[in-house]
Amino acid sequence: MQLRWGIVGSGNICNCFVRSLLINPDHHKVVAVGASATERAQQFIDKFEFGAEKPTAYGSYEDVVKDANVDVVYVGLLNHLHKGIVLKAIENKKHVLCEKPLGLNEAQTVEMINAAKEAKVLLMEAFWTKFFPAWNMIKAGVDAKEFGELRLISAKNGFSRHGANKMELALGGGDLMATGCYTVMVAMWLFGEKPEKIEVSGVHLSNGVDMRGNVILTFSKSRIAQLMYTGEADMSCTAEVCLTNGRYLVPDQMWAPSKLVTIPTKGERSEKVFPLPVEDNSPWIYPDASAMLWEADHIHDCLEKNLSESPVHTYKDMIELSQVLEEILRQSGVEYPASIL
């Protein structure tokens, strides 16, 4: 089964995603690209070696989702544009993989999910982190209680190279929605529940969006996640998952890790390095972004099995995450304009 992809957008994230799809042509084929102008879409297409069958270039996003040759749409637009084009894709009976965050709040997220359920198409928020072998090993270990009960998660994400448009209030920007959300998602995923209490401090606002935040999520049985994110400076983006008899350490790049250190309370620590889909990731704009193939392959597997929902990032996961992110934004003092909600 080969999925026919329509790409909505022509920026860096779309570039990385398309380059990843080309690794596995048996499962994936790009048949359409939509940008703000046909010329821009064609320039994007010309960056890749598609062979004789080049994708169709469209000068609008809507033309992509209306293309009868498209099976599934990848949305790589700025946050404030997600809902409109996702709903239009669903209306045209297209499956959708949309970059995170799916919606700017719970209401938007629920609206898109309800539309997907009614149309009987698959919709998934693109949290590629869930498909990295390091995190899958941690998740399996936590669920199996390899080191006892999960007690504490600590995660931090510092990334200073956001594009200016990622930090604009009118575009649904801010550091939480850009990269801080990875720390929140991982904590909720591993604890397997929505937090009972959310506390936000240390917020720094600039032009109405959050540049920094510290979050404590309290889960059942007084278990906590201590999270920190910033767009002001680069930092070691580490994560520690602490259990009663040991811990897992992601030493860097927690949103896309290739290394995992396992540290039992008694016994020797071990380190494991996980290969990426291709050894040379230099053609990709973002670090290790060939791993975007893993989430695309997951969509392929879901559709091959006729699943209407991802079992890895479920609709319940998406809704509860949107609720928590919305509350963090509220406590941070970030208020998106009504025109984009």
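Start by colouring domain 1 (3-128) and domain 2 (132-282 + 314-340): both give residues to the lining of the largest pocket, so the pocket lies between them. Keep in mind that you are looking at a predicted model.

**Stop 1: the largest pocket**

Select Asn12, Ile13, Gly76, Lys166 and Tyr286. Of the 34 residues that line the largest pocket, these five lie nearest its centre. The space in there comes to about 900 Å³.

Now put the helices on as cartoons. Which helices each supply at least two residues of this lining? They are H1 (12-21), H7 (175-191) and H8 (292-304). H7 is the top contributor, giving three residues to the lining of the largest pocket. If you colour the pocket wall by class, you'll get 17 nonpolar, eleven polar and six charged residues.

**Stop 2: the largest cavity**

Next, go looking for enclosed space. The structure holds two cavities of 30 Å³ or more, and the largest has a volume of about 50 Å³.

To find the largest cavity, select Pro101, Leu102, Gly103, Thr109 and Glu125, then add Met318, Leu321, Ser322 and Leu325. Domain 1 (3-128) and domain 2 (132-282 + 314-340) turn up again here, each supplying at least three residues of the lining. Show helix H9 (residues 315-332) while you're at it: with four residues, H9 gives the most to the lining of this cavity. By class, the wall of the largest cavity has five nonpolar, three polar and one charged residues.

**Stop 3: the second largest cavity**

Hop over to Leu78, Asn79, Asn165, Lys166, Leu171, Gly172 and Gly173, which line the second largest cavity. You've met Lys166 already, as one of the residues nearest the centre of the largest pocket. About 40 Å³ of space lies in this second cavity. Its lining divides into two nonpolar, four polar and one charged residues.

**Stop 4: H6 against H7**

Finish back at H7, the helix that gives the most to the lining of the largest pocket, and bring up helix H6 (residues 133-143) alongside H7. How far apart are the axes of H6 and H7, and at what angle do the two helices pack? The axes are 9 Å apart, and the angle is about 35°.

For the side chains, select Trp135, Asn136, Ile138, Lys139 and Val142 in H6, then Val186, Trp189 and Leu190 in H7; these are the residues that meet. Sorted by class, the contact of H6 with H7 has six nonpolar, one polar and one charged residues.

Key. Residues are numbered from 1 along each chain as its sequence is written. This is a predicted model: local features need pLDDT of at least 70, side-chain atom pairs count only at pLDDT 80 or more; totals for chains, interfaces and linings use all residues. Side-chain values use heavy atoms; hydrogens and water are left out. On a 1 Å grid over the protein atoms alone, a cavity is a set of points where a 1.4 Å probe fits but cannot get out, and a pocket is an open set with protein on both sides within 12 Å along at least five of seven lines; lining residues have an atom within 4 Å of a point. Grid points are joined across faces, edges and corners, and a volume is the space filled by probe spheres set on the points. Ala, Val, Leu, Ile, Met, Phe, Trp, Tyr, Cys and Pro count as nonpolar, Asp, Glu, Lys and Arg as charged, and the others, Gly among them, as polar. Domain bounds come from an automatic or database domain assignment. Axes are lines fitted to C-alpha atoms, for helices over the stretch in contact, and angles run from 0 to 180 degrees between N-to-C directions. Contact means heavy atoms within 4.5 Å.
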